[in-house]
Each structure stands twice: as structure tokens, then as C-alpha cells.
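Trainee: Could you show me how to read the packing and the surface of a helical model, beginning with a single side chain?

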Amino acid sequence: MSGATLSVLAYGIYLIVLGVIYMIIPNVPLKLFGFQPTTEPWIRVMAAMVLIVGYYYVQAARHRLTAFYRWTLHCRVFFPLFTVVLVAADMVEPMLLLFGLIDLAGAIWTALALRGEAP
């Protein structure tokens with residue numbers, strides 16, 4: 001398995017785990033990361049979307065879709081930038097930056113791995 005494939009597979013598994021946790025017990029990680037608990041359904045709706053996107057990543061890795069790996073880099077860099085804007089605007093707790101940093105680290109891992117592979 002190539003480094004890029006491994007990075008995309010790992011990111012997909014991360015998203016699936018994150019999605020499942022936030023769908024089933026959203027207030028546990030929210031409290032752990034210093035966010036207010038919620039009874040709103042939107043966190044579970046977004047968690048379902050995260051789970052679905054995670055499934056796409058896992059399937060792309062399973063089928064070695066390197067074009068997909070390259071496409072993901074744009075969005076995986078956008079999210080960390082978006083978290084910085086939200087924190088700077090004082091709209092969310094700074095702890096959200098942790099999720100952005102995880103995404104950025106994964107994007108860097110994938111980009112570096114792709115750089116070392118033939119196109």
C-alpha cells in the first residue's frame with residue numbers, strides 16, 4: 001500500500017469514527033473538548049455527513065483512486081483555514097482548531113506521499 005493510499009485510508013477511518021461518535025453520543029466529546037452540550041439535531045446530521053465522507057475516503061483508498069487523493073487536498077486545507085476564521089471571529093471555542101490541525105496534518109501527509117509517487 002502506498003503512503004498516499006495509507007494516508008487517505010487513515011483519514012477515512014478517522015472520519016468514520018468521528019461521525020459514529022458524534023451521531024451516538026455527541027455531548028461526550030463536546031464536553032471533553034470544552035464545548036457546550038446540545039440537544040439540537042444538527043450535530044447528528046453533520047456527523048452523518050462526516051461518516052458518509054469517511055466512507056468515500058475508505059473506498060477511494062481501497063480502489064487506489066489517486067485522482068481522488070489529489071482532489072481532497074483542496075478541501076482538507078480549506079477546513080483548517082475556516083476553523084481559524086471562526087475562532088478569530090470569536091464564533092467558536094479555540095479547541096475547534098484541534099480538528100483543523102488534524103485535517104491539515106492529514107492533508108500534508110497525503111501531499112508529501114503523492115509527491116514521492118509517480119503521477
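Mentor: This is a predicted model, and a good place to begin is Ile21, which is partly exposed, with a relative accessible area of 33%. Ile21 lies in helix H1.

Trainee: Which residues make the nonpolar surface patch of about 570 Å²?

Mentor: A patch takes in residues with over 30% relative accessible area, and Ile21, at 33%, is a member together with Ile13, Val17, Val20, Ile24, Ile25 and Val28. Helix H1, residues 3-24, supplies the largest share of the patch, namely five residues. An α-helix has 3.6 residues a turn, so residues three or four places apart point the same way.

Trainee: Which residues touch the most other members of the largest nonpolar core?

Mentor: In soluble globular proteins, nonpolar side chains tend to be buried together. Here the largest core has 15 residues, and those touching the most other members are Ala4, Val8, Tyr57, Ala61, Phe68, Tyr69 and Leu114. Two or more residues come from each of H1, H3, H4 and helix H5 (96-115), with H1 giving the most, five residues. A second, separate core of seven residues includes Tyr22, Leu30, Phe35 and Ala47.

Trainee: Against which helices do the buried residues of H3 pack?

Mentor: They pack against H1 and helix H4 (66-88), and among these buried residues are Ala47, Gly54, Tyr57 and Ala61. Helix H3 itself, residues 42-62, reaches 30 Å from its first C-alpha to its last, close to the 30 Å expected for its 21 residues, and just after H3, Arg64 takes a positive phi of about 55°.

Notes:
Residues are numbered from 1 along each chain as its sequence is written. This is a predicted model: local features need pLDDT of at least 70, side-chain atom pairs count only at pLDDT 80 or more; totals for chains, interfaces and linings use all residues. Side-chain values use heavy atoms; hydrogens and water are left out. Patches are made of residues with over 30% relative accessible area and no salt bridge: like charges are joined within 9 Å, nonpolar side chains (Val, Leu, Ile, Met, Phe, Trp, Tyr) within 5 Å. Accessible areas come from the Shrake-Rupley method with a 1.4 Å probe; for residues, only the protein chains shown count as cover. A salt bridge is a side-chain nitrogen of Lys or Arg within 4 Å of a carboxyl oxygen of Asp or Glu. Helices (H or I, at least four residues) and strands (E, at least two) are DSSP runs, numbered from the N terminus. Buried means under 20% relative accessible area, exposed over 50%, partly exposed in between (1.4 Å probe, protein chains only). The expected span of a helix is 1.5 Å times one less than its number of residues. Contact means heavy atoms within 4.5 Å. A nonpolar core is a set of buried Ala, Val, Leu, Ile, Met, Phe, Trp, Tyr and Cys residues joined through side-chain atoms within 4.5 Å.
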